[in-house]
Amino acid sequence: MNLPHLIDLDDLQVAQWEKLIMLAGEISKKPSDYFGRLSGKIMATLFYEPSTRTQMSFQTAMLRLGGEVIGFDNPQNSSVAKGESLKDTVKIMSGYADILVIRHPYEGSAKAASLYASCPVINAGDGGHLHPTQTLTDLVTLKQEKGRLTNLTIGLCGDLKNGRTVHSLLKAMVKFKGNRFVLISTEELRIPSYIRDILQANGCPFEEVFSLEEAIGELDVLYMTRIQKERFSSEEEYKRQNSIYTLDEKKLERAKLDMKIMHPLPRVDEIADAVDTDPRAIYFKQAAYGIYARMALILMLFDGSLPATAIPKPR
Ligand code: CP
C-alpha cells in the first residue's frame, strides 16, 4: 500500500514546501474560504506527550476545513494504560480515521506508526528527533514576516541538543541559498553531530558560540528555545543548564532593528515578558501561522498532490 505520510519534511521536494508555504499564505488571508473542503473526513490526534499548539492547531485546522476530530491527549485515559502497543493502537485508529497525527516521546515512533497505519500519518514530534510541521510553520512565518528564506543569518539559542524544532529547522534551511547559522548553546547542549554533518555536507557556514550577547548584533533572525526538562536524566542536570539564556530588553539593545525573534513555544524563562511588546517579537504570530501551515498540509495530503511514500505491508 502506498500512502502519503509526513514523517520528515525531507519526504517532500523543496518545490512542494514552496507550494505549501504559498498556500498557507493564501489561507491566512481568508481561512473561511476553505471551510467545507474536508467535510466528512476525520482526523485522529494521538498525543502521547503534552502539547498545546501542535495538537490544538491541528484540531483547529481540521475543524476550519469542515472535518471532524477524535483522539486522545493523555494516553493514560486510553487503552495504552492497559499495555496496548503503538502498533495495535495505530492499526485500530487508522480504521476509525482518515488521517493520524501522532506525537510520541520516542524517536522514530511516527515512522513506526506509518508502517502499521492504513491511512496517512503526520509526525507531530518524535522525541528529540524531528518536528516537521513546526518547521513548516517556521518557514511560513519567515516568508510572511521576513519576506524571504534565503541570505539570512539565523541564530538558534538554548537547548540545541534536545530541541527537535531546531533539528528540523536546520535540516530545512540548508536547502535555501545563502543562509548562515550561529548556534548558541552551552557545551553540554550543543547541536548533535549528525546535524553538524548535514550543515557541512550542504556547504552551510555555521559557528558554535556560547554568548548570546556577543552574537545577537549580527542576526537577522533569533530562534530561541526552551531547555527541554523532560529530556534530562536528572533534575540536577537540568538545573545546571536552566536559566543560562534569557532574552531581555537590555540584550535586545544590541540587536538589529529588523531582527525577528522566533520561538516554537512554550517558553519558560528564556524570553522576558517585556519582550512580547517589542515589534521584533513574532512568536505569537508564529503560533497563529501554525494553523494555516497545517491547513495547507492537510489539504494537500487529502487532494493527493503529495507523493505517496512506499511502505512495507503492515505486519
Ligand atoms: N511548538 C510546539 O510544539 O508546542 P506544543 O508542545 O505546545 O505543541
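Which residues line the largest cavity? The points below address this and the ligand site in a model that is predicted.

1. The largest cavity is lined by Arg 53, Thr 54, Gln 134, Thr 137, His 263, Pro 264, Tyr 283, Gln 286, Ala 287, Gly 290 and Arg 294. Its volume comes to about 60 Å³. Searching the whole structure yields 3 cavities of 30 Å³ or more.

2. The ligand, by contrast, takes up the space of the largest pocket. Around the ligand are Ser 51, Thr 52, Arg 53, Thr 54, Arg 103, His 131, Gln 134, Pro 264 and Leu 265. Sorted by class, this shell consists of 5 polar, 2 charged and 2 nonpolar residues.

3. Two arginines approach oxygen atoms of the ligand. In the side chain of Arg 53, an N or O atom is 2.9 Å from a ligand oxygen. For Arg 103, a polar side-chain atom lies 2.9 Å from an oxygen atom of the ligand. A nitrogen atom of the ligand, in turn, is 2.8 Å from a polar backbone atom of Pro 264. Of the 250 Å² of accessible area that the ligand has on its own, the protein covers 91%.

4. Where does the ligand lie with respect to domain 1 and domain 2? Domain 1 (5-131 + 290-303) and domain 2 (133-287) both contribute residues to the shell, so the ligand lies between them.

5. Arg 53, Thr 54, Gln 134 and Pro 264 deserve attention when the two sites are read together: they are among the residues around the ligand, and they are also among those lining the largest cavity.

Conventions:
Residues numbered from 1 in each chain as written. Predicted model: local features only at pLDDT ≥ 70, side-chain atom pairs only at ≥ 80, totals over all residues. Heavy atoms only, no water. Near = heavy atom within 4 Å. Polar contact = N/O pair within 3.5 Å; in protein donor to acceptor, adjacent residues only side chain to side chain. Areas by Shrake-Rupley, 256 points an atom, 1.4 Å probe, with all protein chains shown as cover. 1 Å grid on protein atoms, 1.4 Å probe; cavity = no way out; pocket = protein on both sides within 12 Å on 5 of 7 lines; lining within 4 Å. Sits in = over half its atoms within 2 Å of the grid points. Nonpolar A, V, L, I, M, F, W, Y, C, P; charged D, E, K, R; others polar. Domains from an automatic or database assignment. Points joined across faces, edges and corners; volume = space filled by probe spheres on them.
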